[in-house]
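Please open the model in a viewer and keep the sequence panel visible. The tour below proposes one selection after another and states what is found at each stop.

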Amino acid sequence: MAQKYYVVWQGRETGIFTDWSTCKKHIDHFAGARYKSFKTLPEAEAAFKGTKGPSRPGSNSKSSSTSPAKKPGLKTYTANEIAAMQIETKIYTDGGCEPNPGKAGSGVAVYRNDMVDELWYGLFNPKGTNNTAELNALYQALVMARDEINDGRTVVIFCDSKYSIQCVTQWAVGWQKKGWKKSGGEIKNLELIKEMFVLHQELKKEVQVLHVNGHVGVEGNELADRMSIRAIETREPDFTRYLDEVDIEDILATRAG
């Protein structure tokens, strides 16, 4: 059998691999995976350096070695795409602040086997910001994800804050290399980001943090939003489980953030 070279542009690890089993390990059950096989190493190298990959897994589109390399943006997942994911635990996060800066709180909705199972709210800060509230919610989701993995379940996190996702999964890599500094000045929420980065580095091979738009009808995101508002209204300082009956219609009828 002729040697093949497998390029992975988006997966648990990216690069060029010489056997399918290794490639498959990095893309299997990875939402938005991008990969392609090539007959020669030079073709694979040119494709990996020159493009972010085909538009969908297994695409036969040709890679151009002359295209400039671009940093991939965050893909936004729709309700249908989320529903199609064969993941046991799906965690949604949101943060709210009224005004911004002002009274802030965080919310999380946990789905197991595509049924809402837990709602959480709290971390009220009378002088917070929306970004801090979003980061706090994502941090709690990462802690929960670690517990889910330890219990043998597959997990994915959905967050509607591109800032929070990029801080922890992208920008922190460079900030750490530069001694936690950036050319534009102060890194806001630095201590929180450092803690989140350590946890994400521990979990990144098993937990994806994906972007979803807020207020577009994604139920989990809407529930997390309502929990963030509950945190503000109750001024709950701790991160607390919602213990009332989970009536989705009633909760969604409450004030949105």
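Select helix α7, residues 219–234: 12 of its 16 residues are buried, so the helix is largely enclosed by the rest of the structure. Buried means under 20% relative accessible area, exposed over 50% and partly exposed in between, with a 1.4 Å probe and protein chains only. Helices (H or I, at least four residues) and strands (E, at least two) are DSSP runs, numbered from the N terminus. This is a predicted model, in which local features need pLDDT of at least 70 and side-chain atom pairs count only at pLDDT 80 or more, while totals for chains, interfaces and linings use all residues. Residues are numbered from 1 along each chain as its sequence is written, and side-chain values use heavy atoms, with hydrogens and water left out.

Among the buried residues of α7 are G220, L223, M227 and I232. What covers the buried residues of this helix? The cover includes β4, β5, β6 and α8 (248–252). The expected span of a helix is 1.5 Å times one less than its number of residues; for α7 this gives 22 Å, and the end C-alpha atoms are 22 Å apart, which agrees. Just after the helix, select R235, which takes a positive phi of about 55°.

Next, select strand β8, residues 207–211. Five of its five residues are buried, so this strand is also largely enclosed by the rest of the structure. V207, V209 and H211 lie on one side, Q208 and L210 on the other, and both faces are covered. Strand β7, residues 155–159, pairs with β8 in the parallel sense over five bridges; two strands pair if DSSP finds at least two bridges between them. To see one such bridge, select F158 and its partner L210 in β8.

Now widen the selection to the whole sheet. Which order do its strands take? The order is β8-β7-β4-β5-β6-β9, in an open sheet of six strands with mixed pairing. At the edges stand β8 and β9 (239–241), each with a single partner strand, so one side of each is left without a neighbour in the sheet. From one strand to the next the twist averages 20°.

Within this sheet, select β4 (residues 89–98) and β5 (residues 102–112), which run antiparallel and are joined by 10 bridges. K90 has Y111 in β5 as its bridge partner. Then add helix α4, residues 130–150, which lies across β4, β5, β6 (115–128), β7, β8 and β9 and runs at about 160° to β4. Such angles run from 0 to 180 degrees between N-to-C directions, and axes are lines fitted to C-alpha atoms, for helices over the stretch in contact; contact means heavy atoms within 4.5 Å.

Move to strand β3, residues 34–38, where R34, K36 and F38 point to one face and are buried, while Y35 and S37 point to the other and are not. In a regular strand the side chains alternate between the two faces of the sheet. Strand β1, residues 5–10, runs antiparallel to β3 and is joined to it by five bridges; one of the partnerships links Y6 to S37.

Finally, show the whole chain, which has eight helices and nine strands. Of its 257 residues, 44% count as buried. Residues 24 or more positions apart account for 67% of the contacts with a separation of 6 or more.
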